[in-house]
Amino acid sequence: MSSVLIACVSLTPWAREVVARRHPGRPVAVLGEGSRRIEHVNDLAAKAGVAVGMRESAALSRCPDLHVEVLSGPVLATAWREFLELLYSRFSDRIESTQQGTVFLKLSLQAARELAVSLQVPVGVADSQEVAQLAALRAKPGEVKDIVGSAEQPLLAITPLQHLWVLGIGAPLTERLSFLGLRCLGDLLAWKVAQRAAFLGAPLSTRLTRFVRGERTRAVQRWQPGEVLAVNLAFDAPLEEPGQAEAALRDLVPGLLEDLRGRTAAYLSVHADTLGGRLSATRKPKWPLDASGLIRTALLTLSDTQALPLGIDTLTVQLSGFSQASRQVGLWPGVKELDAVREVLDRFPQALVKVQWRDTQAYVHDAQYVWVDWLSGSERPSAQLTLPALASELESFLLVSVEREA
């Protein structure tokens, strides 16, 4: 199994997903802009009797708690772009999407699991885009369905007919195949090539045959971020020395930090224009970073380009994939934080402790800080032996040893 695979996130239909995430735990439905009829419903609304094609009044009579909403095209496009930027800033710089609700990423299997759990989305993982999308359609929110290696053919064979639109087989053909008794892709592949060509048509049959033989999309394009912070510096003479490069980056980086305004960036890119063309490299900085740390990261990224021996005419530094740094405000954030602390101390007086700093530069942890009681402020003894206790234990051990030898 390769370390980097193709992951697919399937959130179709996207309009229903947007409304459901804005109103979690409620039955929701999406109305058409002109018809005012139900176009999409979630599972809670479907269980209450709301169906696609109903009028708004009929749906509300079936489910009084139903939330109905009309979403315009620009609203859906903006929400989808924000979701893609979130994926770019947190998970991967290779993202490809041709329709709203479906996106492909280059990820490791562990990163795909983190994506599914953190965003509560269904994720499919495979070696190609087509198989990853088929896997994502069979996954649940927060779950990863991987179809990789020797398990690919058996799992593809049981792909249900309603998911074959990924391979170009639409709903009319799916209904006809179901009427003939077919249930999954394996039943269709059991036909002869001539039978599939007669039923599906030559182009679609050829596409399905090539898919079975392994002709699939195995690459993901690099994502072009919407917002990029960039600074550049042109030189009168080509830059060839590391000291000169460091001095140039010291002039460029402080401006980038000011433009960040407290945000973090997922990627730092350095572009070096030389006589032979542009050389580029990208790294993921680890925050929090100050100016000196960002300069060190930029220097390492510049060394990855190997452009200094060629002479740099123009140096460009870019930051992309922005997000606000998260911060934990406390164990019980909110207005009743002190009430929660008081209730815990009333029931368990010894439960909470504070740290009291002594010498932050000390080499030994016991000399750096000490735990104190939350209420009294007295030092809380730890389970480890202190120096006096350790000395007494050593003295008694030596006395016993001398007595045994005597």
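**Burial, bridges and voids**

Student: Why is Arg22 called partly exposed?
Tutor: Arg22 has a relative accessible area of 43%. Partly exposed lies between under 20% and over 50%. So 43% makes Arg22 partly exposed. Keep in mind that this is a predicted model.

Student: And why does Glu69 count as buried?
Tutor: The relative accessibility of Glu69 is 17%. Buried means under 20%, so Glu69 counts as buried.

Student: What makes Arg22 and Glu69 a salt bridge?
Tutor: Their side chains meet at 3.1 Å, N to O. The cut-off is within 4 Å, so the pair is a salt bridge. Arg22 is in helix H1 and Glu69 in strand E4 (residues 67–70). The pair links distant parts of the chain, 47 residues apart.

Student: How do you know that Arg222 and Asp93 meet in a salt bridge?
Tutor: The N to O distance is 2.7 Å. That satisfies the limit of within 4 Å, so it is a salt bridge. Arg222 sits in the loop between H11 and strand E9 (228–239). Asp93 sits in the loop between helix H4 (73–90) and strand E5 (95–99). The two are 129 residues apart.

Student: Is Asp93 buried or partly exposed?
Tutor: Asp93 has a relative accessible area of 21%. Buried needs under 20%, so Asp93 is partly exposed.

Student: Where do Arg250 and Glu246 lie?
Tutor: Both are in helix H12 (residues 242–260). They are 4 residues apart, about one turn of the helix. Their closest N and O atoms are 3.0 Å apart, and the cut-off is within 4 Å, so they form a salt bridge. A search of the whole structure finds 11 salt bridges.

Student: What makes Val353 fit for a nonpolar patch?
Tutor: Its relative accessible area is 31%, and a patch residue needs over 30%, so Val353 passes on area. Val353, Val355, Trp357 and Trp371 make a nonpolar surface patch of about 390 Å². Strand E13 (residues 353–357) gives the largest share, 3 residues.

Student: What makes the void lined by Gln153 and Leu156, among others, a cavity?
Tutor: A 1.4 Å probe fits there but cannot get out, so it is called a cavity. The largest cavity has a volume of about 40 Å³. Its lining divides into 5 nonpolar, 1 polar and 1 charged.

Student: How much space lies in the largest pocket?
Tutor: About 560 Å³. It has 21 lining residues, with Thr12, Arg16, Glu17, Asp43 and Pro141 the closest to its centre. H1 gives the most to that lining, with 4 residues.

Note on methods:
Residues are numbered from 1 along each chain as its sequence is written. This is a predicted model: local features need pLDDT of at least 70, side-chain atom pairs count only at pLDDT 80 or more; totals for chains, interfaces and linings use all residues. Side-chain values use heavy atoms; hydrogens and water are left out. On a 1 Å grid over the protein atoms alone, a cavity is a set of points where a 1.4 Å probe fits but cannot get out, and a pocket is an open set with protein on both sides within 12 Å along at least five of seven lines; lining residues have an atom within 4 Å of a point. Grid points are joined across faces, edges and corners, and a volume is the space filled by probe spheres set on the points. Ala, Val, Leu, Ile, Met, Phe, Trp, Tyr, Cys and Pro count as nonpolar, Asp, Glu, Lys and Arg as charged, and the others, Gly among them, as polar. Patches are made of residues with over 30% relative accessible area and no salt bridge: like charges are joined within 9 Å, nonpolar side chains (Val, Leu, Ile, Met, Phe, Trp, Tyr) within 5 Å. Accessible areas come from the Shrake-Rupley method with a 1.4 Å probe; for residues, only the protein chains shown count as cover. Buried means under 20% relative accessible area, exposed over 50%, partly exposed in between (1.4 Å probe, protein chains only).
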